[in-house]
Amino acid sequence: MNLVVVSNRVARGKPNEPMTGGLAAALLPVVEHSGAIWVGSSGRVRDGHQKEPFAEIEALGTGAIATLDLPAAHYGGYYEGFANSALWPALHSRSDLIRVSRDDYVSYREVNAFMARALMRFRKNKTAFWVQDYHFLALGAELRDLGVDDPIGFFLHTPWPVVAVMQGVPNHRELITTMLAYDLLGFQTETDCQNFLNYAGSELGLVIEDGVVLSQHGRTRCQVFPIGIDAEKFAAYAAKSASHPDVSRLRRSLNGERLAIGVDRLDYSKGLVNRICAFDRLWTEQPQFARSISLLQIANPSRGGIEAYGNLQNEVARLVTDVNGRHGEVDWTPIRYLNKGFSQAVLAGLYRTAQVGVVTPLHDGMNLVAKEYVAAQNPADPGVLVLSKFAGAANELDAALLVNPHDIDGMARAIAVAAAMPLTERKMRWDAMMKKLRGHTIQQWSSDFVAELEKCRTEKVAAAPLAAQPPQALRWLKSAISGVRLI
């Protein structure tokens with residue numbers, strides 16, 4: 001079977017290039033080892049008068065990367081508009097931050113339709129499409145409208161919220177109905193999957209049988225596939241990283257003090273403000289930890305054109321300055337705050353240097369940083385993971401110190417416990433978590449999803465359709481954007 005993987009952006013996996021996020025890190029080994037073609041945006045846009053050539057096609061392991069320029073007229077409304085100012089806040093249960101217009105939704109659907117047309121050149125005999133994340137919720141329906149009857153699966157890397165939150169997204173019924181054109185919908189956790197099924201049952205009034213939603217599209221299976229990492233590869237990166245200049249300089253600068261590390265995109269879902277407040281509380285309430293543990297916080301800015309992100313960047317910078325001003329000394333900086341990314345090889349070394357890993361999102365799909373931190377540790381002297389109970393990783397890494405990221409005092413206490421934890425307990429917790437990581441790898445995640453996708457499509461073809469319906473996405477497009485010239 002020829003596998004075509006689709007996401008908004010792609011990554012090339014060069015050893016010294018910073019990673020753009022958890023999705024990119026997750027998909028790299030899938031493409032490298034499966035022979036898949038990974039299709040996504042080039043990061044550039046084009047005007048509507050040009051042709052639709054791919055900007056670049058290049059090899060990646062046994063697979064390949066194909067990138068294309070997205071339409072300039074709709075990119076802003078698609079990406080900064082509907083995807084990241086409506087779907088992202090809703091999926092992370094922040095409906096108060098939804099800021100979106102009708103034009104943004106039209107642009108979102110236009111880009112999904114554009115991508116579907118572009119994918120047709122990769123359709124061969126026995127092709128399966130595997131679509132990634134919230135940027136392309138409607139892509140499966142657009143492919144069906146083009147006559148694609150091949151297996152099409154979708155995996156959501158974020159949480160899926162409760163019904164009441166999803167109802168706050170404009171056009172939510174139309175959009176989620178199009179998702180049922182997929183044969184298989186994959187989620188990170190049982191809670192996310194159940195929330196989606198609750199929506200399909202209560203809001204759309206559809207019949208659900210053992211995790212399968214019955215709709216005008218036929219059968220759509222909803223299933224949980226917790227994403228993993230290549231733990232052995234990450235451990236090897238960590239072991240080899242000691243000689244890297246960034247890692248060796250960090251170690252020399254510590255002068256024997258303990259280090260905590262946080263690595264996040266600069267996003268309101270990551271709980272950065274609460275995390276910094278927890279360290280502030282630690283140094284205030286337990287002054288013996290001043291000069292004995294510091295925080296290295298790496299926070300790579302993203303989506304700067306969205307107001308909520310600009311406000312957060314300013315707030316975090318002011319808070320770091322304030323905390324350092326009150327607790328710092330002429331020869332000690334409590335928080336080292338970096339607004340740039342690092343390659344996986346360097347990150348592995350930074351993780352290994354830190355005695356405490358702090359992963360405290362307010363709400364997260366999985367959070368692969370938690371898994372990477374554990375995999376990077378020295379087996380003879382491992383660090384301790386402080387992990388939010390609201391990250392998907394908490395379902396597997398229950399040997400971490402689980403915290404409520406809204407409880408500042410509780411997080412401060414957990415950091416203190418982690419910094420003082422004896423070696424025997426640290427090794428016991430690390431061994432338990434590594435066992436989970438080795439048993440649920442990124443390769444297993446990929447193979448499980450693709451196998452289930454093939455199975456679901458076979459079942460769907462065998463089952464009689466519920467009713468003959470006109471193509472939903474095409475019908476919507478004709479009515480919703482009457483008078484707007486298509487790409």
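# Working through charges, cores and cysteines

C222 counts as buried, at 5% relative accessibility. Keep that cysteine in mind for the last exercise. The model is a predicted one, so treat the exercises as readings of a prediction.

## Exercise 1: Two salt bridges, two kinds of reach

Task: Find where D409 and R281 sit, and work out why their salt bridge ties together parts that are apart in sequence.

Solution. Start with the distance. The closest N and O atoms of D409 and R281 are 2.7 Å apart, and the two form a salt bridge; the cut-off is 4 Å. Next, place the partners. D409 belongs to helix α14 (residues 408-420), while R281 belongs to helix α10 (residues 272-285), so this pair ties together parts that are 128 residues apart in sequence. Last, check the surroundings. D409 is partly exposed at 35% relative accessible area, and R281 is partly exposed too, at 28%.

Now try D322 and R326. Their closest N and O atoms are 3.2 Å apart, and they form a salt bridge. Both lie in helix α11 (residues 307-327), four residues apart, which puts about one helical turn between them. D322 is partly exposed with a relative accessible area of 38%, and R326 is partly exposed at 45%.

For the wider tally, the count comes to 23 salt bridges. Some charged residues join up: R123, D149 and D150 are linked in a network of salt bridges.

## Exercise 2: A charged pair

Task: Decide whether E396 and K371 are buried or exposed, then describe what surrounds E396.

Solution. First, the pair itself. The side chains of E396 and K371 meet in a salt bridge, at 2.9 Å from N to O. E396 sits in the loop between β15 (384-388) and β16 (401-403) and K371 in helix α13 (residues 368-376), so the pair ties together parts that are 25 residues apart in sequence.

Second, accessibility. Buried means under 20% relative accessible area. E396 comes in at 10%, so E396 is buried. In fact, both E396 and K371 are buried.

Third, the neighbours. Setting aside residues within four places in sequence, E396 is in contact with P226, I227, M366, K371, K436 and H440. K371 turns up in that list, and the side chains of E396 and K371 are also joined by a polar contact of 2.9 Å.

## Exercise 3: Reading the nonpolar cores

Task: Work out which helix gives the most to the largest nonpolar core, and why this core lies between the two domains.

Solution. Begin with the general idea: in soluble globular proteins, nonpolar side chains tend to be buried together. Here the largest nonpolar core has 99 residues, and L87 and L139 have the most contacts inside it. Helix α2 (residues 72-91) gives the most to this core, with ten residues. Domain 1 (2-227 + 442-458) and domain 2 (231-439) both contribute residues, so the core lies between them.

Zoom in on L139. Leaving out neighbours within four places in sequence, L139 is in contact with V6, N112, M115, A116, L119, V131 and Y182. Finally, don't lump everything together: a second, separate core has 67 residues, including V5, L254, A370 and W445.

## Exercise 4: Positive phi without glycine

Task: Find where N171 and R291, two non-glycine residues with positive phi, are located.

Solution. Take N171 to begin with: its phi is near 65 degrees, a positive value in a residue other than glycine. N171 lies in the loop between α5 (163-166) and α6 (172-179). Then R291: its phi is near 70 degrees, again positive in a residue other than glycine. R291 lies in the loop between α10 and β12 (293-300). As for accessibility, R291 counts as partly exposed, at 42%.

## Exercise 5: Back to the cysteines

Task: Work out how many disulfides there are, and why C222 is in none.

Solution. The count comes to zero disulfides. For C222, look for the nearest cysteine sulfur: that of C193, 5.3 Å away. A disulfide needs two cysteine sulfur atoms within 2.5 Å, so C222 is in no disulfide.

Repeat the check with C456. The nearest cysteine sulfur belongs to C222 and is 9.4 Å away, and C456 is in no disulfide. C456 is buried, with a relative accessible area of 5%.

Notes:
Residues numbered from 1 in each chain as written. Predicted model: local features only at pLDDT ≥ 70, side-chain atom pairs only at ≥ 80, totals over all residues. Heavy atoms only, no water. Buried < 20%, exposed > 50% of the residue type's maximum accessible area, 1.4 Å probe, protein only. Core = buried A, V, L, I, M, F, W, Y, C linked by side-chain atoms within 4.5 Å. Domains from an automatic or database assignment. Contact = heavy atoms within 4.5 Å. Polar contact = N/O pair within 3.5 Å; in protein donor to acceptor, adjacent residues only side chain to side chain.
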